[in-house]
Amino acid sequence: MGLKVVSSAIISFSVFLLLASAAKAQSKGVFDVTKYGADKDITEALTNAWKDACASTNPSKVLIPSGTYSLRKLTLAGPCKAAIELQVDGILKAPVDPNQFSGGHWVNFGYVDKFTLSGSGTFDGQGKAAWSKSTCQKDKDCDSLPMNIRFDFITNALVRDITSRDSKNFHVNVLGCRNLTFQHFTVSAPGESVNTDGIHIGRSTGIYIIDSKIGTGDDCISVGEGTEELHITGVTCGPGHGISVGSLGKYPNEKPVSGIFVKNCTISDTTNGVRIKSWPALYGGAASNMHFEDIVMNNVQNPVIIDQVYCPWNQCSLKAPSKVKISDVSFKNIRGTSATPVVVQIACSSGIPCDKVQLADIKLAYSGPDGPAKSQCSNVKPIISGIMSASGC
């Protein structure tokens with residue numbers, strides 16, 4: 001009996017040492033910015049914590065605990081030696097004055113594999129003063145304001161439970177990324193904020209935006225050239241300009257857009273619903289395999305629109321048609337209410353008409369003085385099936 005008791009004690013002590021060692025190893029993997037001298041301004045502390053975490057050969061976490069902190073322009077870059085997570089539980093505030101930034105971002109994450117951005121925190125761009133002075137809404141040669149967050153060449157990554165508030169420009173820009181998921185991500189800015197796209201994606205593959213809430217002054221989600229395999233599911237959009245593919249055809253040598261899937265989303269009080277847009281007269285391109293399904297519209301202007309004569313504030317020539325080819329597009333089970341009598345508008349290029357456009361079960365009501373709801377189609381022969389509440393196409 002005595003030997004059994006001793007053996008049990010030895011085993012228990014060994015387990016204790018093992019657990020203690022594991023706990024110690026785990027604690028070593030957390031790089032808390034407050035241990036790096038973080039005070040009201042955490043720029044230097046976060047830079048140093050990231051540097052140490054990125055150099056770790058074991059998975060690591062950089063922690064910004066709850067509180068309110070100032071953060072100047074910052075780039076957090078890899079490659080890192082192992083998986084890395086930035087947990088933001090505090091409120092980070094950008095400089096109010098745009099002149100304190102050089103370049104197009106406030107916080108930039110670049111060239112990191114196996115990256116997670118998590119926490120209950122907020123990136124507050126403090127953009128209100130910048131919007132009132134911005135000329136970017138009507139001046140194509142305006143000085144660019146900083147975006148809240150840039151993700152450049154990030155792979156196998158997750159962004160969850162984070163909020164972007166009042167960015168001076170786009171809230172999030174995704175460029176050259178692969179296998180990046182946004183989950184329970186929130187964008188918050190007033191409808192009058194200028195050029196504040198929620199999430200803009202370009203030249204990226206395998207991007208997922210899931211169960212997120214986006215309200216802003218421009219597109220909730222905008223899809224740029226070179227985007228492939230984008231899945232948008234369970235997103236609530238509004239205020240804003242809706243969910244948009246494009247604008248395309250503005251620049252030479254744009255890469256094709258393909259594999260865009262928007263499903264189970266709710267769009268409310270926006271100036272557009274689901275939209276594909278390209279510039280006339282300028283440059284070529286292609287967009288195909290784009291599908292919008294099970295979308296609820298609440299008081300939305302232009303709920304379903306393909307606009308190949310997109311020319312805001314007369315910044316282009318309408319003398320020649322768009323050179324962007326649009327094909328294999330479906331709008332299925334789009335339902336709710338429209339704030340405008342034209343609930344479906346498919347305006348394709350007269351030079352390169354759209355191919356394989358499907359309209360199925362479009363149940364959109366308009367109750368205004370210019371009713372009933374109607375649809376308009378040009379340079380396209382849509383395939384119509386199921387219920388079509390708006391006559392015309």
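**A tour from the nonpolar core to two histidines**

Start with the largest nonpolar core, which has 91 residues, those with the most contacts inside it being Phe115, Phe151, Phe182 and Phe331; such a core is a set of buried Ala, Val, Leu, Ile, Met, Phe, Trp, Tyr and Cys residues joined through side-chain atoms within 4.5 Å. The model is predicted, so local features need pLDDT of at least 70 and side-chain atom pairs count only at pLDDT 80 or more, while totals for chains, interfaces and linings use all residues. Residues are numbered from 1 along each chain as its sequence is written, and side-chain values use heavy atoms, with hydrogens and water left out.

Select phenylalanine 331 next: beyond residues up to four places away in sequence, its contacts (heavy atoms within 4.5 Å) include Val274, Phe292, Ile346 and Leu359.

Move to histidine 200, in strand β16 (residues 199–202), where strands are DSSP runs of E with at least two residues, numbered from the N terminus. Histidine 200 has a relative accessible area of 18% and is therefore buried (under 20%, against over 50% for exposed and in between for partly exposed, with a 1.4 Å probe and protein chains only). Its side chain makes a polar contact of 2.7 Å with that of serine 222 (N or O atoms within 3.5 Å, one able to donate a hydrogen and the other to accept it).

Finish at histidine 241, in the loop between β21 (236–237) and β22 (243–248), which is partly exposed because its relative accessibility is 23%. A polar atom of the histidine 241 side chain lies 3.2 Å from the backbone oxygen of glycine 217, and residues touched by histidine 241 include Asp218, Thr270 and Arg275.

Key
Helix = DSSP H or I, 4+ residues; strand = E, 2+ residues; numbered from the N terminus.
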